[in-house]
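Please open the structure below in a viewer and keep the selection tool at hand. The stops are meant to be taken in order.

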Amino acid sequence: MKPIALIVICCLLTACSDNNAQIKPEEQTEEETEKIFEEIDGVIAVEAEDFVTQDSSTARMWHTIAAGQIPNITPDPDPIHLLDASGGAYLEILPDTRATHADPLQQGVNFTNTPGEIATLTYKVWINTPGKYYVSVRAYSTGSEDNGIHVGLDGFWPESGKRMQWCDGKNAWTWESKQRTEANHCGEAWKIYLDIFGEGLHTIHFSMREDGFEFDKWFMSLEKEKPTGHGPAPVVRSE
Ligand SMILES: [Ca+2]
Ligand SMILES: [Ca+2]
Ligand SMILES: [Ca+2]
């Protein structure tokens, strides 16, 4: 196939995958997407690919990457990183048009400091122990423009959920819980948290800060602790 034909096909695939509708994870059944993950003893872990819905995904969209499920979205300058992904799958927000600091920054397209503006994921969780939960995320960063994300709760985006940032652990799946601040652009530890009031059903949200972000799993704890390896196994609430 000639290069020009490949480009046309890639563009068509990109256009076809962009829409504003709520997107359910690919290759998951209705029953699976309704999973509610449960907090036990002050901790909860959830695979990124187990989101319930995705909204505001016109400019950029989270795509599930798994064996036999590689999205054909360009540009995406770095390779896939399925090796050592927890659950055998992860999400990547594509296309990734800003891979280096020299690439054009398009506010509201390939970057946003406004949480909930682009590609908002929602997860259902059951909280037995309300309190202040420190949030960690397992991410794979290969550059300086693919290492930011926002986290929110029950439709709100508190200041303590903005600008999660990774500087250490490049080119490997890395758990981190740091907030980018004026004082430290690489992030300050334990400033990313959610205050959860009331036991029962809640929603946790993640949305894009930088395109090309690769998102494997998230974790919350009442303690200041980060998982190692794949982290704890998610617990699905039984009816
Ligand atoms: Ca990539
Ligand atoms: Ca990027
Ligand atoms: Ca995963």
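The tour goes from the whole chain to the metal sites and then to the aromatic rings.

This is a predicted model, in which local features need pLDDT of at least 70 and side-chain atom pairs count only at pLDDT 80 or more, whereas totals for chains, interfaces and linings use all residues. Residues are numbered from 1 along each chain as its sequence is written, chains are lettered from A and ligands numbered from 1 in the order in which they are written, and side-chain values use heavy atoms, with hydrogens and water left out.

**The whole chain**

Begin with a cartoon view, where the chain shows 2 helices and 15 strands; helices (H or I, at least four residues) and strands (E, at least two) are DSSP runs, numbered from the N terminus. Of the 239 residues in the chain, 48% are buried, where buried means under 20% relative accessible area, exposed over 50% and partly exposed in between, with a 1.4 Å probe and protein chains only. Among contacts (heavy atoms within 4.5 Å) between residues at least 6 apart in sequence, 76% join residues at least 24 apart.

**The calcium ion, ligand 3**

Select ligand 3, a calcium ion, together with its protein donors Glu47 (OE), Glu49 (OE), Glu49 (OE), Ser86 (O), Ala89 (O), Asp216 (O) and Asp216 (OD), which lie 2.2 to 2.6 Å from it. Donors are N, O and S atoms within 2.8 Å of the metal (3.2 Å for Na, K and Ca), and water is not among the atoms, so sites may look incomplete. Glutamate 47 lies in strand β2 (residues 43-47) and aspartate 216 in strand β15 (residues 214-221), so this pair ties together parts that are 169 residues apart in sequence. Both glutamate 47 and aspartate 216 are buried.

**The calcium ion, ligand 1**

Move next to ligand 1, a calcium ion whose protein donors, Asp76 (OD), Asp78 (OD) and Glu92 (OE), lie 1.9 to 2.2 Å from it. Along the chain, these donors follow the spacing D-x1-D-x13-E. Aspartate 78 lies in the loop between β4 (61-66) and β5 (89-94), while glutamate 92 is in strand β5, so the pair ties together parts that are 14 residues apart in sequence. Aspartate 78 is buried, with a relative accessible area of 12%, and glutamate 92 is buried as well, with a value of 0%.

**The aromatic cluster**

Now show Trp62, Tyr123, Trp166, Phe206, Phe213, Phe215 and Trp218, which ring pairs link into a cluster. Rings of Phe, Tyr and Trp (its six-membered ring) pair if their centres lie within 6.5 Å, and planes under 30 degrees apart count as stacked, over 60 as edge-to-face and the rest as tilted. A search of the whole structure finds 13 aromatic pairs. The rings of tyrosine 123 and tryptophan 218 have centres 5.6 Å apart and planes at 70°, so this pair is edge-to-face; tyrosine 123 lies in strand β6 (residues 120-127) and tryptophan 218 in strand β15, so the pair ties together parts that are 95 residues apart in sequence. Tryptophan 218 also forms a tilted pair with phenylalanine 206, at 5.7 Å centre to centre and 50° between the planes. Phenylalanine 206 lies in strand β14 and is buried, with a relative accessible area of 0%. Its C-alpha atom is separated by 5.5 Å from that of histidine 150, 56 residues apart along the chain.

**Charges over rings**

Finally, select arginine 237, whose charged end sits over the ring of tryptophan 126, 3.7 Å from its centre, and lysine 132, whose charged end sits over the ring of tyrosine 193, 4.1 Å from its centre. A charge sits over a ring if NZ of Lys or CZ of Arg is within 6 Å of the ring centre and within 35 degrees of the ring normal.
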